[in-house]
Amino acid sequence: MAMVFSKFLTADDIENGLSIPGCSLGQLPDQEGLTMSMQVHDRNGQAWNFSCTIKRNDSVGHFLSVGWNKFVRERDLRVDDKVTIQEEAMKKKGSGTWIKVEVKRKIRLFGEDIWADV
């Protein structure tokens, strides 16, 4: 499994969509405003479709804006949760990859910090 991207969520990620820098994803097309769909799978194997738009910001260049409002609501995601997007080889179909999204939340338990799946 290869990690593509990981970050701690900000209020902006939760309210307006997850921002993924283009450098994390390789070459993005130069077409600002180009929209595509990305299917990801969570830890339970459930498929989620995220609407993605290529945007540009002077400080970071091209980035992917991921619309994932339903996922945020259903998982009750919060600021400082850690999201990781990974690429994993398909086991059943023999070739190709699928994208996996994982979210963890830091919980203080008996004086220790642990990361639990969300």
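The exercises below work through the fold, strand pairing, aromatic pairs and surface of one predicted model.

Local features need pLDDT of at least 70 and side-chain atom pairs count only at pLDDT 80 or more, while totals for chains, interfaces and linings use all residues. Residues are numbered from 1 along each chain as its sequence is written, and side-chain values use heavy atoms, with hydrogens and water left out.

**Exercise 1. Describe the secondary structure and burial of the chain.**

Step 1. Helices (H or I, at least four residues) and strands (E, at least two) are DSSP runs, numbered from the N terminus. The chain has three helices and eight strands.

Step 2. Read from the N terminus, the order of elements is β-α-β-α-β-β-β-α-β-β-β.

Step 3. A residue is buried under 20% relative accessible area, exposed over 50%, and partly exposed in between (1.4 Å probe, protein chains only). Buried residues make up 34% of the 118 in the chain.

Step 4. Contact means heavy atoms within 4.5 Å. Among contacts in the chain with a separation of 6 or more, 46% come from residues 24 or more positions apart.

**Exercise 2. Work out how strand S7 pairs with S3 and with S8.**

Step 1. Two strands pair if DSSP finds at least two bridges between them. Strand S7 (residues 97-109) runs parallel to strand S3 (residues 35-41), with two bridges.

Step 2. On the S3 side, His41 has Lys100 of S7 as its bridge partner. His41 is buried, at 12% relative accessible area. Beyond residues up to four places away in sequence, its contacts are Gln46, Ala47, Trp98, Ile99, Lys100 and Val101.

Step 3. With strand S8 (residues 112-117), S7 pairs in the antiparallel sense over six bridges. Ala116 in S8 is the bridge partner of Arg105, and Trp115 in S8 stands opposite Lys106.

Step 4. The hairpin of S7 and S8 has two residues between the strands, and Phe110 there takes a positive phi near 55°.

**Exercise 3. Classify two of the aromatic pairs and place them in the chain.**

Step 1. Rings of Phe, Tyr and Trp (its six-membered ring) pair if their centres lie within 6.5 Å; planes under 30 degrees apart count as stacked, over 60 as edge-to-face and the rest as tilted. There are five aromatic pairs in the structure.

Step 2. Phe8 and Trp115 form a tilted pair, because their ring centres are 5.9 Å apart and their planes stand at 45°. Since Phe8 belongs to strand S1 (residues 2-8) and Trp115 to strand S8, the pair ties together parts that are 107 residues apart in sequence.

Step 3. Both rings belong to partly exposed residues: Phe8 has a relative accessible area of 44%, and Trp115 has 37%.

Step 4. The pair of Phe50 and Trp68 is edge-to-face, with 6.1 Å centre to centre and 80° between the planes. Phe50 is in strand S4 (residues 47-57) and Trp68 in the loop between strand S5 (61-67) and helix H3 (69-75), so this pair ties together parts that are 18 residues apart in sequence.

Step 5. Phe50 and Trp68 are buried. They also belong to one aromatic cluster together with Trp48 and Phe71.

**Exercise 4. Examine the surface, starting from the whole chain and ending at Met3.**

Step 1. Accessible areas come from the Shrake-Rupley method with a 1.4 Å probe; for residues, only the protein chains shown count as cover. The accessible surface of the chain is about 7,500 Å², and carbon and sulfur atoms hold 48% of that.

Step 2. Patches are made of residues with over 30% relative accessible area and no salt bridge (a side-chain nitrogen of Lys or Arg within 4 Å of a carboxyl oxygen of Asp or Glu). Like charges are joined within 9 Å, and nonpolar side chains (Val, Leu, Ile, Met, Phe, Trp, Tyr) within 5 Å.

Step 3. Ile107, Leu109, Phe110 and Ile114 make a nonpolar surface patch of about 420 Å². Of these residues, Ile114 lies in strand S8 and is partly exposed, with a relative accessible area of 36%.

Step 4. Met3, in strand S1, counts as exposed at 56% relative accessibility. Apart from neighbours within four places in sequence, Met3 is in contact with Thr84, Ile85 and Gln86. The C-alpha atoms of Met3 and Lys100 are 9.4 Å apart, although 97 residues separate them along the chain.
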